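Q: Please take a close look at the side-chain packing in the interior of this structure. I would like a connected account of the sulfur atoms, the aromatic rings and the nonpolar residues, with the reasoning spelled out wherever a label depends on a cut-off.

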Amino acid sequence: MEFHVAASSNRLFFLYHELRAAPSNYSYVIQRDAFEQHADLFLRARSLGDSTLYPEITFDDGHISNYDIALPALAARDLIATFFLTVGWMGTRSGYMDWNQVRALHSAGQRIGAHGWSHTLLTHCDDDALHTELVTARLTLEDKLGAPITIMSLPGGRSDPRVLAACRAAGYQYVFTSVPHAEPPDLPFLLGRLNLHNNTATETLAQLLDSRSGALARLERQDKWKSALKKTLGDRIYSKLWAAMNHKEPETDPAEAPLR
């Protein structure tokens, strides 16, 4: 996997999930118009000076809107994003892409990575389940696309030393979290991302990309507090709190909950 960017540029990876034409109260749904405004901002930011972080776009899960809405918007701007797919959902789950659509994304030059097999939190998996989530998911993607898959994102952002060791053993060169921070040009194995919500204004993104503003540092401090809360509450209680705070829709399967 290569990201074509000036050697001096630090990068900020943004994380999207689902896009829709109409607004939604569910915080993980971004309206199409807002996404297009974000994309225009990212194009401008990539041409600015050293004080501006270089924005990178990623998607998790493989929702059908990644193909229907995101791909045309990206193609119109000659932008490349990275799509992390919950592999077991492709072609089997309503509202998510089928394999023809995944192949169309890949043929259009978009990057493809794994997001596990079933969106199970990897820290909850025994060795056999980890093999399915990491190895079976990667091999299936490689078989369907005829290309190597060397990147993945962690379902729910959850990991521990055992999970990260399993990711390395499964052949992944880069693993993406949902911890917001900028990355150096020489990318490390474990990479942070900034998770976007439906109330994230374009002006806020501009501030986050400006390394002089302090906006990203403030967000990092907030995320540390949230991570401490997760550990204190545990996954079960935190998932219920997450659902209430993010206006999770009734049809959303609990396994889908990003828990970020």
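A: A disulfide is taken here as a pair of cysteine sulfur atoms lying within 2.5 Å of each other. By that criterion the structure, which is a predicted model, holds zero disulfides. Two of its cysteines can nevertheless be placed with respect to the surface, where buried stands for under 20% relative accessible area: C125 counts as buried because its relative accessibility is 7%, and C167 counts as buried because its value is 0%.

The aromatic side chains come next, and a search of the whole structure returns nine aromatic pairs. One of them joins F84 and F176, whose ring centres are 5.1 Å apart and whose planes meet at 50°, so this pair is classed as tilted. Since F84 belongs to strand β5 (residues 81–85) and F176 to strand β8 (residues 174–176), the pair ties together parts that are 92 residues apart in sequence. Both F84 and F176 are buried.

A second pair is formed by W89 and Y96, with centres 5.0 Å apart and planes at 65°; because an angle over 60 degrees is the criterion for edge-to-face, the pair falls into that class. W89 has 6% relative accessibility and therefore counts as buried, while Y96, at 11%, counts as buried too. W89 also has a charged neighbour, in that R93 lies over the face of its ring, at 4.1 Å from the ring centre. Another arrangement of this kind involves R168, whose charged end sits over the ring of F189 at 3.8 Å from its centre.

Ring pairs also link Y16, F35, F59 and F83 into a cluster, and two members of that cluster lead on to the nonpolar interior. The largest nonpolar core has 59 residues, and within it Y16 and F35 touch the most other members. Helix α4 (residues 127–145) supplies the largest share of this core, namely six residues. If residues up to four places away in sequence are left out, the contacts of Y16 are I30, F35, H38, F42, I57, T58, F59, D60 and L196, and this list includes F35 and F59, which belong to the ring cluster as well. Apart from the largest core lies another core, of seven residues, among them I151, Y174, L187 and L191.

Terms used. Residues numbered from 1 in each chain as written. Predicted model: local features only at pLDDT ≥ 70, side-chain atom pairs only at ≥ 80, totals over all residues. Heavy atoms only, no water. Phe/Tyr/Trp six-rings, centres within 6.5 Å; stacked < 30°, edge-to-face > 60°. Helix = DSSP H or I, 4+ residues; strand = E, 2+ residues; numbered from the N terminus. Buried < 20%, exposed > 50% of the residue type's maximum accessible area, 1.4 Å probe, protein only. Lys NZ or Arg CZ within 6 Å of the ring centre and 35° of its normal. Core = buried A, V, L, I, M, F, W, Y, C linked by side-chain atoms within 4.5 Å. Contact = heavy atoms within 4.5 Å.
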